[in-house]
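Got the model open in your viewer? Keep the selection box handy and we'll walk through it stop by stop.

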Amino acid sequence: MFFSQLPTPCYVVEEALIEKNLRVLKGVMDRTGARILLAQKAFSMYHLYPLIGEYLCGATASGLYEARLCAEEMIRPGAEEKEKSIGRLENHIFSPAYGEADFEAILRYCDHIVFNSWRQIEKFGIRAKAAGKSIGLRVNLECSTQEGHAIYDPCAPGSRLGVTAERFEEAASGEGNGGSSLISLVDGLHFHTLCEQDSDALECTLDAVEEKFGKYLSRMKWINFGGGHHITKEGYDIPRLERCIGRMKERYGLTVYLEPGEAVALNAGFLVTTVLEIIRNGMEIAILDTSAACHMPDVLEMPYRPPLLQSGLPGEKAYTYRLGGPTCLAGDIIGDYSFDKPLQEGDRLVFGDMAIYSMVKNNTFNGMPLPGIALREKSGEYRLIKQFGYEDFKGRL
Ligand SMILES: *Cc1c(COP(=O)(O)O)cnc(C)c1O
């Protein structure tokens, strides 16, 4: 299939760009012995799980369904295809709270289960241990390394994510829920605080880990640095990341896990859209067949301005347009962009960095069709993996 034959709107993920990111991550693993997992919540295009499983050490899930997807699409095919991958790929999970209804299945699929409170360990820890699972506890370091985005800051005041040092000590000393025996169930500590950050923020975070939980680290088997590390972004300081990994390995004998989502598929996907109509209201406005609200929700939520191929900032090139979606939402605006030539009905536009937090978050508000999912193979050939229709809209209502 050629690019011009793709239906729009359509996400296109480029295999070679995913592999480029995977090679960077594999380099970190090879040089440090760290184990890197895909955080599926950012990118769950399971067609590429076999490829991802060739490079990384498995995946992590935010709940039962993602854990099952990893088991079905990354671990099982890998084990059949390659003897040596048996036991190499791991299936991890973290949730702020597990429910009884899911837990038996979680025990079936997962190798590492990370809990968010001592009470959760009290409820499920013995069963997980008896099933041979590695048990983690998420800690809250109360160490914010970012400003502004409170909804992306698990260390913000009142956060529900992770056990603070105070609560950790209460339980470890036997004062709080459960008593001191609970700590003997814990194999590793987990933190996740570094949304889109560089390794200088990781370094500060590790200072907080040592200050608050240092005396418990030697009795752990592993530490999980969570996600957010922008490892595949240009300019990210990889040597510093590797020193951070070495520090935890050498001082405490810990296996280090990282579970990036963004970094795996950063800048590896596109969203192809068609200009439906051009209208004027004090400025030129192009209405596209894709919607910020439905197909790129992070544009409104983060918010950010997605890159658009062959365009400039407003006013930078001769013709400036506001690009918006076909929904009822007044704020369904992707942004203002400029072009060398006037836009025409039927033109195709290609937004960049659309692999992550896009197809996993999209929705059919206004009855909008979901974009297709295509792969640009290494040969340059386009392959349509999925197309969605009316039944996908109706089926979830
Ligand atoms: C979101 C999340 C990740 C992945 O974060 P990225 O910013 O996509 O790298 C990893 N672990 C946990 C616990 C998360 O919540």
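Where is Pro9 found? Select Pro9 and you land in the segment before β1, the strand that covers 10-14. One thing to keep in mind from the start is that this is a predicted model.

**Stop 1: two cis peptide bonds**

Stay with Pro9 and add Thr8 to the selection. The peptide bond joining Thr8 and Pro9 is cis, with omega at about -5°. For some background, most peptide bonds are trans.

Now jump to Met302 and Pro303. A cis bond joins this pair as well, with omega at about -15°. Pro303 is in the loop that runs between α11 (297-301) and β14 (319-324).

**Stop 2: the ligand**

Next, select the ligand and show the residues around it. How many residues surround the ligand? The answer is 13, and the closest are Lys41, Gly228, Glu259, Gly261 and Tyr357. Colour that shell by class and you get 4 nonpolar, 5 polar and 4 charged residues. If you turn on a pocket display, the space taken by the ligand is the largest pocket.

Try a few distances while you're here:

- Glu259: an N or O atom in the side chain of Glu259 is 2.8 Å from a nitrogen atom of the ligand.
- Glu262: here look at the backbone, where a polar atom of Glu262 is 2.9 Å from a ligand oxygen.
- Tyr357: back to side chains, with a polar atom of Tyr357 lying 2.6 Å from an oxygen atom of the ligand.

How much of the ligand's accessible area does the protein cover? On its own the ligand has 390 Å² of accessible area, and the protein covers 88% of that.

**Stop 3: the loop after α9**

From Glu262, go to the loop between α9 (262-265) and β12 (269-280), where you'll find Leu266. Is Leu266 buried or exposed? Leu266 counts as buried because its relative accessible area is 7%, below the 20% cut-off. Draw a C-alpha to C-alpha line from Leu266 to Lys233: these residues are 33 apart along the chain, and the line spans 7.4 Å.

Asn267 is in this loop between α9 and β12 too. Asn267 has a relative accessibility of 44%, so it counts as partly exposed. Check its backbone angles as well: phi of Asn267 is near 55°, a positive value in a residue that isn't glycine. In general, most residues other than glycine have a negative phi.

**Stop 4: another positive phi**

Select Glu196 next. You'll find Glu196 in the loop between β9 (188-190) and α7 (199-217). What is phi of Glu196 near? It is near 55°, again a positive value in a non-glycine residue. At 35% relative accessibility, Glu196 counts as partly exposed.

**Stop 5: Thr60 and Arg76**

Now pick Thr60, which is in strand β4 (residues 58-61). Thr60 has a relative accessibility of 7%, so it counts as buried. Follow the side chain of Thr60: one of its polar atoms is 3.4 Å from the backbone oxygen of His92.

Then move to Arg76 in helix α3, which covers residues 64-81. Arg76 is partly exposed, with a relative accessible area of 48%; that value falls short of exposed because exposed means over 50%. Add Pro50 to the view: Arg76 and Pro50 are 26 residues apart in sequence, while their C-alpha atoms are 9.3 Å apart in space.

**Stop 6: two residues at 0%**

For the last stop, select Ile121 in helix α5 (residues 118-130). Ile121 counts as buried because its relative accessibility is 0%. Its partner for this view is Ile135, 14 residues away along the chain, with 8.6 Å between the C-alpha atoms of Ile121 and Ile135.

Finish at Ala292, in helix α10 (residues 292-295). Ala292 is also buried, with a relative accessible area of 0%. How many residues separate Ala292 and Phe365 in sequence? They are 73 residues apart in sequence, and from C-alpha to C-alpha they are 11 Å apart in space.

Technical notes: Residues numbered from 1 in each chain as written. Predicted model: local features only at pLDDT ≥ 70, side-chain atom pairs only at ≥ 80, totals over all residues. Heavy atoms only, no water. Near = heavy atom within 4 Å. Polar contact = N/O pair within 3.5 Å; in protein donor to acceptor, adjacent residues only side chain to side chain. Areas by Shrake-Rupley, 256 points an atom, 1.4 Å probe, with all protein chains shown as cover. 1 Å grid on protein atoms, 1.4 Å probe; cavity = no way out; pocket = protein on both sides within 12 Å on 5 of 7 lines; lining within 4 Å. Sits in = over half its atoms within 2 Å of the grid points. Nonpolar A, V, L, I, M, F, W, Y, C, P; charged D, E, K, R; others polar. Helix = DSSP H or I, 4+ residues; strand = E, 2+ residues; numbered from the N terminus. Buried < 20%, exposed > 50% of the residue type's maximum accessible area, 1.4 Å probe, protein only.
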